[in-house]
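Reader: I should like to learn how the features of a protein model are read. Might we take them one at a time?

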Amino acid sequence: MHPWVGLSDHVRLGVVTRWVTPELVAEVLEKCGVRDKKSGALPAGLMVYFTLALALFQQDSYDDVAEQLVGGIAELSGSIPNKSSFTRARRRLGPLVLETMFRELAGPLAPVGLESAFYRGMRLAAVDGFVLDAPDTTANRAAFGGPVKNGQPAGFPQVRVVTLTECGTHAQIDAAVGGFNGGEPELAIKMAGSAAGMLVIMDRGFPGVALWKAYTGAGAHLLIRARSSVAARPVQHLPDGTYLARMNLAGQKGAHPGGVLVRVIEYRVDGGEVVRLLTDLLDPVAYPAAELAGLYHARWEAESAFRQIKTFQRGPVEVLRSGDPDLVRQEVWAHLAVHHCLTQVIVGLADDNGIDPDRVSFVKVLKHARRSVVRQSSDTPTKIKEFLAVLAAKVHRKLDNGARRLREADRHLKRPDSKYSSKLSYRINTRDRRPTRQITAKVITLQPAMVQ
């Protein structure tokens, strides 16, 4: 029997333990039907904390993560299990436990008084997706797929993650996980039930009758960018220059009953291309077109949340550590769960100090959360409270980034499309890269539809 057996109940995950409590871990394991069946093996409760720690310390090896987790417990730190023991224990735990843990934690966090999180009584949320690189194993490529160039695999297999993100806080309200070859709209439809009462903003890759009906049927409202060919024929012009049109399935006639009626808002930003938005908010008086056009940029808050997960929490250009598809899914759900806990720290600090959550540095909160694990400074409710009090005292001195400035960077290919790309190809892809720069406020000009 390994020395850890019987002592691992003392293991905690620093400040994250405030939300991932031992009671919640036990409840989730019971709900998923996961029990310790093998005598002397690493227990499931410990493995929940260990798997979350793998996400919190993504750049570290199994051995290093275990050291971080138990370094303050002398009876455990002297006998770290080997990697194969942890891998077998992760397989026994499976992905469902971490997915269930995320769903127990996930949800909107913005208090009612946070203006950036609401529009006319509706909570603002954004649906978008991102991909994570997984190790290039036969199993991962078969399960998830990946980029292909000239008929050959290019780069790594990739996991596709689509989230419903609260715009005001970057909190994940819901998420769906699939493969690279799957579509984002199909994953987005799975989250419709979590969006009731919200105004959900999406990019132009999402419009579709099935998605529209799923979200509006669940009690959500939509604001989605669309290409010029979608809902292009006006059926009624409105006094403010917007118009009503029908969005139909491919091949359907314009008046087909299977379509949906949408309001189309067209505008230009700084005199650029025409942007088209579709919404189910049909009343031009109750929901002015200029206000809705000004709201669309809030969709980029989802991108900011993805940057927190991919660049800061996971680490830039990092590849997930698991060669098995189930363990890859387990990792993804662990990353989402950890991110939500860190977001709760940020929202709490912002609320206590009367500032917007955007002003609290995610990177510095992440570093403090890691330190709380290493120091075992939050293994009891009292210590957690003390740690958060110390963190709150540092907001104005260290954690506050200040009011967000309007900034802009050119869109460019940040990574080559193949891990085997030549140096010349890489230089071509990045030669136009310029630093982020401060800009003046954008000017939005409505583009009234021409009355036929």
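**Reading the model**

Author: Let us begin with a single residue: at 52% relative accessibility, Val 317 counts as exposed. The cut-off for that word is over 50%. Val 317 sits in the loop between α10 (300–313) and α11, and it has a positive phi of about 60° although it is not a glycine.

Reader: Which other residue has a positive phi although it is not a glycine, and what is the angle?

Author: His 170 has a positive phi of about 75°. His 170 belongs to the loop between β5 (158–166) and β6 (172–179). With a relative accessible area of 5%, His 170 is buried, whereas Val 317 counts as exposed.

Reader: What kind of model is this, and what is its mean pLDDT?

Author: The model is predicted. The mean pLDDT of the protein is 86, and 85% of the residues reach 70 or more. Over residues 421–431, however, the pLDDT is below 50, and this stretch has seven contacts in the model beyond near neighbours in sequence.

Reader: How many helices and strands does the protein have, and what share of its residues counts as buried?

Author: The protein has 15 helices and 15 strands. Of its 452 residues, 49% count as buried. The exposed area comes to about 21,100 Å², and carbon and sulfur atoms supply 52% of that area. As for contacts between residues at least 6 apart in sequence, 68% join residues at least 24 apart.

Reader: How should one read a nonpolar core?

Author: In soluble globular proteins, nonpolar side chains tend to be buried together. In this structure the largest nonpolar core has 99 residues, of which Val 20, Phe 50, Leu 52, Leu 93 and Val 97 touch the most other members. Helix α11 (residues 325–353) contributes the largest share of this core, 13 residues. Another core, of 31 residues, lies apart from it; among its members are Leu 187, Ala 188, Ala 195 and Tyr 243.

Reader: Which residues does Val 20 touch, leaving out those up to four places away in sequence?

Author: Val 20 touches Val 25, Tyr 49, Leu 52, Met 101, Leu 105 and Cys 341.

Reader: Which nonpolar residues form a patch on the surface?

Author: Val 235, Leu 261 and Leu 282 form such a patch, with about 230 Å² of accessible area together. Leu 261 is part of strand β11 (residues 260–269). The relative accessible area of Leu 261 is 35%, so this residue is partly exposed.

Reader: How should one read a salt bridge?

Author: Side chains of opposite charge can pair when their charged atoms come close. The structure holds 15 salt bridges. In one of them, the side chains of Arg 120 and Glu 291 meet at 3.0 Å, N to O. Arg 120 is in the loop between β1 (118–119) and β2, and Glu 291 is in helix α9 (residues 289–295), so this pair ties together parts that are 171 residues apart in sequence. Arg 120 is partly exposed at 49%, and Glu 291 is partly exposed at 32%.

Reader: Where do Asp 326 and Arg 329 lie, and what separates them?

Author: Asp 326 and Arg 329 are three residues apart in helix α11, so about one helical turn separates them. Their side chains meet in a salt bridge of 3.1 Å, N to O. Asp 326 is partly exposed, with a relative accessible area of 39%; Arg 329 is partly exposed as well, at 27%. Elsewhere, salt bridges that share partners join Asp 128, Asp 203, Arg 299 and Glu 303 into one network.

Reader: Is Asp 128 buried or exposed, and where is its place?

Author: Asp 128 has a relative accessible area of 6%, so it is buried, and its place is in strand β2 (residues 122–133). The side chains of Asp 128 and Arg 299 meet in a salt bridge of 2.5 Å, N to O. This pair links distant parts of the chain, since Arg 299 lies in the loop between α9 and α10, 171 residues from Asp 128. Arg 299 is buried too. Beyond neighbours within four places in sequence, the contacts of Asp 128 include Val 161, Glu 184, Phe 206 and Phe 306. Asp 128 and Val 161 are 33 residues apart in sequence and 8.5 Å apart in space, C-alpha to C-alpha.

Note on methods:
Residues are numbered from 1 along each chain as its sequence is written. This is a predicted model: local features need pLDDT of at least 70, side-chain atom pairs count only at pLDDT 80 or more; totals for chains, interfaces and linings use all residues. Side-chain values use heavy atoms; hydrogens and water are left out. pLDDT is the predictor's confidence in each residue, from 0 to 100. Contact means heavy atoms within 4.5 Å. Patches are made of residues with over 30% relative accessible area and no salt bridge: like charges are joined within 9 Å, nonpolar side chains (Val, Leu, Ile, Met, Phe, Trp, Tyr) within 5 Å. Accessible areas come from the Shrake-Rupley method with a 1.4 Å probe; for residues, only the protein chains shown count as cover. A salt bridge is a side-chain nitrogen of Lys or Arg within 4 Å of a carboxyl oxygen of Asp or Glu. Helices (H or I, at least four residues) and strands (E, at least two) are DSSP runs, numbered from the N terminus. Buried means under 20% relative accessible area, exposed over 50%, partly exposed in between (1.4 Å probe, protein chains only). A nonpolar core is a set of buried Ala, Val, Leu, Ile, Met, Phe, Trp, Tyr and Cys residues joined through side-chain atoms within 4.5 Å.
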